[in-house]
Amino acid sequence: MTKPRLFTRTLALLAGLLVATSAHARDWDTSLQDFDVTLRPTDNSVTVIEGKPEALQGMVLKFQEGGGSYPGVRLLPPEGETWNFSEFTCLDVTLTNEGPKPIYATVRVDNPGHWRDKPWNNEAARLAQGDTKLIRVFFGYSARKPGHPLDTENVSAIQIFTGKASAGQEIKVDSIKLGKTPSPFRPNIQPVDGYVFGGGADAALLKFAGQNGAKVSGGQDGPLKVAFDGKTQAAVISPKESPAFDLRQGYLMEVDLKNTGRTPINLAGKVTSGRGDTDVAQLDAAIAPGQQGTLVIDFIREASMDVSKGRDNPFFENNKAKSVVILANEDGAQEFEVTAVRLTAPPIKLPDWVGKRPPVEGDWKLTFSEEFEGDSFDMDTWRYYAVNYWDKISRFSKENANVVDGNAVLTFEKKSGYHNDDPDYPRHNDYTTGYLDSYGKWVQRYGYFEARMKLPNAPGLWPAFWLMPDRGEAAGNQWIRQDTKNGGMEFDIMEFLSGWGPYRFTTAFHYDGYGKEHKATGSGVHTGVDEDGYITTGLLWLPGLAVVYNNGKEVARWESERISDVPSNIIFTFVGGGWDNEPIDDSQLPDNFYIDYVRVWQRADLATEADGYASNDG
C-alpha cells in the first residue's frame, strides 16, 4: 500500500485539520533502514511545510504568536508502536533559523511514561538569524550530563520545539539522522574516601602539567614531583578524560607536601571551575627542607560578595571543579612532592554571638523566638497550607510538618494525595511535603532574621528559608499584599538545591514583580556545618541595606535604595526541583528539612506598629 506523501499533510494543516499522516525517513537512518513517521504539530499556531517528497529533510516549521508554551512538532511511530533505536547512540538534528529573530530550539527523544517523570533526553541550542546548528541528543544524557536512562528499544516520540514563540519565527529541519557516535561524556571524578590524589584515588584518571616552565614528573605510581624556579609557575592536577572533579562532599581541599629541595618552600594554591575559582590559599608557614606540611584551600570565600554586581559574579562550582593548582608564589628554586590531595569537611565552630544577638551593635530587642518546643506548632504563628508555585509534583500536607525533639521537621516523601489535604482541590500530586509560613499571622519590617537548619541529602530537593512582603489585610488580595513591586522584595535568605551537596547554597533578592519587569540579584555561598550537622543563616535588613550571614560570617551584601521597605512574613518551603538540581531518587525518600529555631530581633528606632502578630488571621 502506498504511503501518503508529506505534501498531503501540509494541505491538511492549511485546511486547519489535525489528521496525522506518515512519511518515509530514509535520510535520518545511517544504516538506511526505513522508519514510519507520523507528524503532529503541538497546536494550530505551528504550520509544517513539506521538504523533499517522502522525507523529513527540508521540512519548515512556522510559528505564530500566541501558541502553547512549547510549540513545535512531534514525530511519532505508527499508532500503538514504538521505535527500536538500540543500535544507535544518538540522534542528530540539523536546524536553520529562517526567521528574522533568534530562536531557542530543543530536540527531545521520549520513552512512554507520565510527563511528571520526565522520561526523555533532550538538548537545545540558540540560533541567531540565519544560523545552522547541529543538535545532538546522546541517549541517556540531557543538557550534556547523565539524564533519563532512555530505553532505546522503546522510543515513543521525537520532538522539535521552541519556547513561547513570537510571530514570524521559523526553523528549517535540514536533516534528522540516527548516529553511532560514541558518547563524549564521562562522569565527573569523585574522591575515593576523600582522596582526589593519593590514598585510594586512581591516578590513571588524572593528568599532571607544569605551567610557565614548571617541571613535573611522577604522580602515577607515587608522589607528584615538582620543581619551580619562578614566581609565575604552577603545577596543575586535573581529570584526564572526565570533564571535572565532583567535590560536593566537602569544603576544604588539603594538599599534603614534602620539601625535597635545599631551600624552604612557600607555596599557594587554588581550585578552579568554569564559573570561577576559590580564593588563593597560602601556607601558614614556609616548609623547611626535609619537612612536611599541608596547604589548605577553603571553598568558603574570605570576603563578602557584593551582589550589586548581579549574578555574574564569579563563583566556584564545587560539583564541576576543573583543576587543583599549586602556585610557586615567590621567586627562587622550590622543589617538593605532592603526596596527597584530599577533600575534607570538619565541623564549623560558630562565633559566640550567633543565636544570641544580631551581628551589629545597636539597641536590639528579641521580637520573635520560635524554638519548636512541645509536640505541635503554635497556630497563632504558622500556616500549613498555601498555593504551591514552586514545583508541579508535590502537595502540601500538615501530616508532613511536625515538631520533633525541638525541631520543626518538614518531610518530603513519595505519597500521593490532594494539595493542602483538600479533596476538592483540583491538584492531586504523587509527592507530599510540609510547608510553614507566618502569612497573615506575623510580620516585621527591618531587623535581623536567623534560623538554624539541617539540610536534606536526597537529590532533587529544594528547601528554603525566606521572606515575602505582606502589606496587611487592608491591601486586598494576597497577590497585592505580597507583590514584590512598590517597594516590596522577596528575600531568599537560604535556598538549597540538594544536587549541589550539603556544603553550598544560594542567597537571592527578587523584586519588581515576576513578569517582564522582574529583577534579581544574589550570590552562591559555600558553607560548613556545625558538629550537629546544622547551618545557621541570617539576614540583617535595614533601610537601604541587606546583609546575609552564614555560620556567623558575612557572605553577601547589597546596599541600595531599592531594598524593601515593606513588612514581611517568614516562609519555609521544601519542594522538589529547582533550576540546577538532579532528578529525585525515590529510593532515598523520605527525607527531612529540620529547623531548630527561628529568631528575629528589631532595632528600637526602626520598630513600627505593623510589626508583630496580627489581630486576626487575615
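## A salt bridge across the chain

In this predicted model, the side chains of Glu87 and Lys180 meet in a salt bridge, with an N to O distance of 3.5 Å. The pair links distant parts of the chain, since Glu87 lies in the loop between β5 (72–76) and β6 (90–97), whereas Lys180 lies in the loop between β13 (170–179) and β14 (195–197), 93 residues apart. Glu87 is partly exposed, with a relative accessible area of 38%, and Lys180 is likewise partly exposed, at 47%.

## Other salt bridges

The structure holds 25 salt bridges. One of them joins Lys356 to Asp352, whose closest N and O atoms are 2.9 Å apart, and both Lys356 and Asp352 are exposed.

Another salt bridge brings together the side chains of Arg557 and Glu559, at 3.8 Å from N to O. Arg557 counts as partly exposed, with a relative accessibility of 27%, while Glu559 is exposed, with a relative accessible area of 57%. Elsewhere, Arg452, Asp530, Asp532 and Asp596 are joined into one network by salt bridges that share partners.

## An open antiparallel sheet

An open sheet of 5 strands is arranged in the order β15-β18-β24-β20-β21, and the pairing is antiparallel. The edges are occupied by β15 (206–211) and β21 (281–282), each of which has a single partner strand, so one side of each is left without a neighbour in the sheet. Strands of a sheet pair through backbone hydrogen bonds, in either a parallel or an antiparallel manner.

Within this sheet, strand β18 (residues 234–239) and strand β24 (residues 321–327) run antiparallel and are joined by 4 bridges. Ala235 has Ile326 in β24 as its bridge partner.

## The loop after β24

Asn329 is placed in the loop between β24 and β25 (334–344), and it is partly exposed, with a relative accessible area of 22%. Although Asn329 and Phe228 are 101 residues apart in sequence, their C-alpha atoms are 9.8 Å apart in space.

## A patch of positive charge

On the surface, Lys145, Arg275, Lys320 and Lys322 gather in a patch of positive charge. Lys145 belongs to strand β11 (residues 145–146), and this residue is partly exposed, with a relative accessible area of 37%. That value suits membership of the patch, because patches are made of residues with over 30% relative accessible area and no salt bridge.

Key:
Residues numbered from 1 in each chain as written. Predicted model: local features only at pLDDT ≥ 70, side-chain atom pairs only at ≥ 80, totals over all residues. Heavy atoms only, no water. Pairing = 2+ DSSP bridges. Helix = DSSP H or I, 4+ residues; strand = E, 2+ residues; numbered from the N terminus. Patch = residues over 30% accessible without salt bridge, like charges linked within 9 Å, V, L, I, M, F, W, Y side chains within 5 Å. Areas by Shrake-Rupley, 256 points an atom, 1.4 Å probe, with all protein chains shown as cover. Salt bridge = Lys/Arg side-chain N within 4 Å of Asp/Glu carboxyl O. Lys, Arg positive; Asp, Glu negative; His and termini not counted. Charge placed at Lys NZ, Arg CZ, Asp CG, Glu CD. Buried < 20%, exposed > 50% of the residue type's maximum accessible area, 1.4 Å probe, protein only.
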